[in-house]
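Hi,

Here is the structure I promised to pass on. Have a look first, and my notes follow underneath.

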Amino acid sequence: MDRYIQRFTVTANDMNNQYRLTPHAVLLYFQDCFARYMSCLHLAAFDLVKQHQMWIITEFRAEMNPVDVFWTHDLEVTLWVSEISALRFYTEFNICKVSDRSAVAQGMGCWSLLNTETHRLVPMTDLANRVSVVPELPLGPHKKRRFPQVGEPIKKVLHTVNLLDLDFNGHMNNRSYLSIAMLTATDTFLAQNRPISFDIHWMHETFENDVVACELFKVGERQYVYRLSKSNGDVAAEIFSTWESMPIQTDISEVIERK
């Protein structure tokens with residue numbers, strides 16, 4: 001199997017209060033598509049747990065195109081393996097609308113296998129023999145992106161990790177970091193701007209009842225860094241996002257007509 005394709009229907013949870021597709025939804029579709037692809041190869045989380053292993057994602061990058069996506073639209077996600085190194089597994093993806101094939105988003109994710117007993121990374125030797133590699137890189141070579149230097153934070157929010165944040169491994173879900181970061185944006189900002197790219201680096205795991213502090217830094221014109229830190233000072237994740245001004249809001253009656 002060279003590529004894996006999965007369709008999703010946009011739900012209310014995938015939209016913000018401006019009826020626009022959220023970055024959280026893009027990450028959700030990507031991760032769900034990856035999980036389904038791995039299940040076809042018998043490498044899903046429930047397969048790996050028997051071998052005391054689990055997938056961890058360390059980097060994610062996405063670019064979102066200025067395409068209107070509304071509730072009930074059908075999207076198609078295509079995912080493929082683009083590179084396998086000694087300890088890393090890179091997957092690319094693109095998302096398009098089924099109705100007119102317009103491109104919604106594209107990006108990549110970097111994965112590793114962790115031995116849950118030794119907490120060491122598992123070599124990708126066996127995996128390399130089980131998947132097809134398609135060396136197409138929509139966002140360019142796999143070089144870890146360095147985020148801009150930051151000064152003083154312009155906003156800070158605290159979040160206590162709860163049961164709703166946890167994944168099946170008992171860690172805070174990767175998407176929760178992005179959700180917490182988006183809490184720093186005001187309704188006015190979201191009404192006037194939309195994200196066109198975001199990078200995420202995950203560094204440390206967090207657990208239930210951990211307190212995560214998210215600091216927001218402005219580093220350029222409509223560019224922001226979000227630093228999410230644990231109470232012991234460890235940086236759990238960093239996110240870098242770029243936004244653009246929102247075009248004139250589509251009238252809600254037009255949204256209903258597009259159902």
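A contact here means heavy atoms within 4.5 Å. Counting contacts in the chain with a separation of 6 or more, 71% are between residues 24 or more positions apart.

Some housekeeping: this is a predicted model, where local features need pLDDT of at least 70 and side-chain atom pairs count only at pLDDT 80 or more, while totals for chains, interfaces and linings use all residues. Residues are numbered from 1 along each chain as its sequence is written, and side-chain values use heavy atoms, with hydrogens and water left out.

The chain has 6 helices and 10 strands (DSSP runs numbered from the N terminus: H or I of at least four residues for helices, E of at least two for strands). Its radius of gyration, taken over C-alpha atoms, is 18 Å, close to the 18 Å from the globule rule (2.2 Å times the number of residues to the power 0.38) for 259 residues, so the chain is as compact as a globular protein of that length. Of those 259 residues, 49% count as buried (under 20% relative accessible area, 1.4 Å probe, protein chains only).

Now the largest pocket. A pocket is an open set of points on a 1 Å grid over the protein atoms alone, where a 1.4 Å probe fits, with protein on both sides within 12 Å along at least five of seven lines; lining residues have an atom within 4 Å of a point. This one is lined by 32 residues, with Trp55, Ile56, Asp167, Asn169 and Asn174 nearest its centre. The largest share of the lining, 8 residues, comes from α1.

Cheers

Methods
Buried means under 20% relative accessible area, exposed over 50%, partly exposed in between (1.4 Å probe, protein chains only).
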